[in-house]
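Student: Please take me through one part of this model slowly. I would like to see how the strands fit together, and what sits in the loops beside them.

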Amino acid sequence: MPVVQLQFKDRVISRHRVEPGGSLTIGRHPESDVVIDNAAVSGKHAKIDGLEGGYFITDLKSTNGTVINRTMITTCQLKHGDSILIGRHQLIFGYARGETRPERELAPLDKTVVMDVGRQQPSGSSAELNAYLSILKGGSGDIPLTKKVTKIGKDPACDIVVPGFGVGKISMTISKMPKSFLINYISGFKRPRVNGEPLRTSVKLREFDTVEIGTTRLQFVFRESLFM
């Protein structure tokens, strides 16, 4: 059965199973299945229902609304890896590896993303999404890691362009391996930091690692392995 993972910024708060035919309530009320104690969240904010043909989320006429993948919704079917934003908290919906899915997510492919815009909406061809960078500072949204090597730096030719003093033309790369992702320092006076430590050479990224480069802060999430 699928899992809903509640997190705030770079911290995972809880994980919740959603049973077929069951419901998962989300809100500030202490009797909710997923309690989010924040003034921006309504007492009964939203619910997820396991129905024939899949799982559906419904906004319960909340004050500030429910956002799925940067789109305000009333009700919609959830797909593996969907990002649910309620207040300032994020919930990630996903199926366990090997579990039958009613519908597989198709994610945007490679395109340069400039980090100094207000909201990221990468677009392009479609492919299954395994991992992504969630923008914690310097923008908002998620950036899929679908290329074999993703280049990050100040050069406009990079896949992800970031501003900041001392950032190299190609500051770092993220390499997609068969079962993991490696982050590699390439150039620049100001080294990227992984979990607060300067990146010296290459490091294997772990779930929820934070990466800082210039004025931008990112979080690495490996969606496939979240729900194993």
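Tutor: Start with three words. A residue is exposed when its relative accessible area is over 50%, buried when under 20%, and partly exposed in between. Keep in mind that this is a predicted model.

Now the part itself. An open sheet of 5 strands runs in the order β4-β3-β5-β6-β9. Its pairing is mixed. The edges are β4 and β9, and each of them pairs on one side only. Strand β9 covers residues 75-77.

Begin at the β4 edge. Strand β3 spans residues 23-27, and β4 spans residues 34-35. These two pair in the parallel sense, over 2 bridges. Find G27 and look across: V35 in β4 stands opposite.

Now turn to the other neighbour of β3. That is β5, residues 46-51. Here β3 and β5 run antiparallel, joined by 4 bridges. For L24, the bridge partner in β5 is I48. So the word "mixed" follows from the two directions: β3 is parallel to β4 and antiparallel to β5, with strands counted as paired when there are at least two bridges between them.

Step on to β6. Strands β5 and β6 are antiparallel, with 6 bridges between them. One place to look is G50, which stands opposite Y55 in β6.

Next, the loops. Which residue in the loop between β6 and β7 deserves a look? Pick K61, which lies in that loop. Strand β6 covers 54-59 and β7 covers 66-68. The phi of K61 is near 55 degrees, a positive value, and K61 is not a glycine. Most residues other than glycine have a negative phi. Is K61 buried or exposed? K61 counts as exposed because its relative accessible area is 81%, and the cut-off is over 50%.

The next loop holds a second case. N69 sits between β7 and β8, and β8 covers 71-73. The phi of N69 is near 50 degrees, again positive in a residue other than glycine. The cover is another matter. N69 is partly exposed, because its relative accessible area is 32%, which falls in between the 20% and 50% limits.

Set a second sheet beside this one. It is open, with 6 strands in the order β16-β15-β25-β24-β21-β22. Its pairing is antiparallel. The edge strands are β16, 142-144, and β22, 197-198, each pairing on one side only.

Use β15 as your guide here. This strand covers residues 131-137. Of its 7 residues, 5 are buried, so β15 is mostly covered. On one side, 3 bridges join β15 to β16 in the antiparallel sense. There, S134 has D142 as its bridge partner, and L133 stands opposite I143. On β25, residues 216-222, the pairing with β15 is antiparallel over 6 bridges. S134 turns up again: Q219 in β25 stands opposite.

Finish on the surface. K137, K190, R191, R193 and R200 gather there in a patch of positive charge. R193 links this patch to the second sheet: R193 lies in strand β21, residues 193-194, and β21 is part of the 6-strand order. R193 is partly exposed, because its relative accessible area is 36%, in between the two limits.

Technical notes:
Residues numbered from 1 in each chain as written. Predicted model: local features only at pLDDT ≥ 70, side-chain atom pairs only at ≥ 80, totals over all residues. Heavy atoms only, no water. Patch = residues over 30% accessible without salt bridge, like charges linked within 9 Å, V, L, I, M, F, W, Y side chains within 5 Å. Areas by Shrake-Rupley, 256 points an atom, 1.4 Å probe, with all protein chains shown as cover. Salt bridge = Lys/Arg side-chain N within 4 Å of Asp/Glu carboxyl O. Lys, Arg positive; Asp, Glu negative; His and termini not counted. Charge placed at Lys NZ, Arg CZ, Asp CG, Glu CD. Buried < 20%, exposed > 50% of the residue type's maximum accessible area, 1.4 Å probe, protein only.
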